Amino acid sequence: MARHERLIAKGSCRLELDHYLEALIRKPGAFSGATALEQARSAGKFTPIHDAWWAAAVKAHGDTESTRALIEVLLMARHILHEHLVDGLATALRAGGPDRGRGRLGGPQSRPDRRRIRSSNLVCAGHRAAVGDVTFLHEWKLNHLPPDTRPLPS
């Protein structure tokens, strides 16, 4: 079920970026020109921190893989607060940017089973260093999520 804000203007259209993420992860080239992305930017849901993290990821790992990683990060917003996600991206940028090769920030090991939130998905490259008031996902998960007893997909 989805809730949408009522639009007053005749013929107006409001797209929710979250509703298109599964399709966009299969076709990451369509992400940068998506109308839903532009509307999310204008609504403040896709922040300059998202853009900065995406730019750093593209510089380090290329366009397609970085866009997929960004979409995986946006999918995590279904399970954690938006502010926590933005704080995690900002911390990752301060620590040297996204580290896709080690499976952080939506790494390749999380693709087969997106139902699970892995403890390594929202940590930055320098996660062992003291980073202030940032709560890592594995700590948040231990405090807020029930254990997932479903079997892994075959």
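**Entry 1: the chain as a whole**

In what order do the elements of the chain run from the N terminus on? I followed them along and wrote down α-α-α-α-α-α. I note early on that I am looking at a predicted model. My tally for the chain came to six helices and zero strands.

Next I looked up burial for the chain. Of its 154 residues, 36% count as buried. I also checked how far apart in sequence the contacting residues are. Among contacts with a separation of 6 or more, 58% are between residues 24 or more positions apart.

**Entry 2: helix H4**

I turned to H4, which is helix 63-76. How many residues of H4 are buried? I found 10 of its 14, so I can call this helix mostly covered, given that buried means under 20% relative accessible area. The buried ones I listed are Ser-66, Thr-67, Ala-69, Leu-70, Ile-71, Glu-72, Val-73, Leu-74, Leu-75 and Met-76.

What do these buried residues pack against? I found helix H1 (21-26), H3 and H5. I also looked up the reach of H4: from its first C-alpha to its last I read 20 Å, close to the 20 Å expected at 1.5 Å a residue.

**Entry 3: Thr-67, a residue of H4**

I picked Thr-67 for a closer look, since the residue lies in helix H4 and counts as buried at 2% relative accessibility. Which residues does Thr-67 touch, not counting those up to four places away in sequence? I wrote down Pro-28, Phe-31 and Trp-54. With Trp-54 there is also a polar contact, side chain to side chain, at 3.2 Å.

I then compared positions along the chain with positions in space. Thr-67 and Ile-25 are 42 residues apart along the chain, and their C-alpha atoms are separated by 7.9 Å.

**Entry 4: helix H5**

H5 is helix 82-94. Why does its length agree with what a helix should span? Its 13 residues should span 18 Å at 1.5 Å a residue, and I find its end C-alpha atoms 18 Å apart.

Which residues of H5 are buried? My list reads Leu-85, Val-86, Gly-88, Leu-89, Ala-90, Thr-91 and Ala-92. Among what covers them I found helix H3 (48-61) and helix H4 (63-76). After H5 comes Gly-96, and I noted its positive phi, near 120 degrees.

**Entry 5: Thr-47, in a loop**

Where is Thr-47 found? I located Thr-47 in the loop between H2 and H3. Is Thr-47 buried or exposed? Its relative accessible area is 14%, and so I put Thr-47 down as buried.

I then looked up its partners. The side chain of Thr-47 makes a polar contact with the side chain of His-50, at 2.7 Å. Leaving aside neighbours within four places in sequence, I found Thr-47 in contact with His-82 and Val-86. I had already met Val-86 among the buried residues of H5.

**Entry 6: Arg-3, before the helices begin**

I went back to the segment before H1, where Arg-3 is found. Is Arg-3 buried or exposed? Its relative accessibility is 78%, and therefore Arg-3 counts as exposed. I also looked up how far Arg-3 is from Glu-16, which is 13 residues apart from Arg-3 along the chain. Their C-alpha atoms are separated by 10.0 Å.

**Entry 7: the largest pocket**

What volume does the largest pocket have? I read about 450 Å³. Of the 23 residues that line this pocket, the closest to its centre are Glu-16, Leu-17, Asp-18, Ala-40 and Lys-45. So Glu-16, which I had just paired with Arg-3, turned up here too.

Which helices supply at least two residues each of the lining? I found helix H2 (35-43) and helix H5 (82-94). The largest share, four residues, comes from H2.

Last, I sorted the lining by residue type. I counted 12 nonpolar, four polar and seven charged residues.

Note on methods:
Residues are numbered from 1 along each chain as its sequence is written. This is a predicted model: local features need pLDDT of at least 70, side-chain atom pairs count only at pLDDT 80 or more; totals for chains, interfaces and linings use all residues. Side-chain values use heavy atoms; hydrogens and water are left out. On a 1 Å grid over the protein atoms alone, a cavity is a set of points where a 1.4 Å probe fits but cannot get out, and a pocket is an open set with protein on both sides within 12 Å along at least five of seven lines; lining residues have an atom within 4 Å of a point. Grid points are joined across faces, edges and corners, and a volume is the space filled by probe spheres set on the points. Ala, Val, Leu, Ile, Met, Phe, Trp, Tyr, Cys and Pro count as nonpolar, Asp, Glu, Lys and Arg as charged, and the others, Gly among them, as polar. The expected span of a helix is 1.5 Å times one less than its number of residues. Buried means under 20% relative accessible area, exposed over 50%, partly exposed in between (1.4 Å probe, protein chains only). Contact means heavy atoms within 4.5 Å. A polar contact is a pair of N or O atoms within 3.5 Å; within protein, one must be able to donate a hydrogen and the other to accept it, and residues adjacent in sequence count only if both atoms are side-chain atoms.
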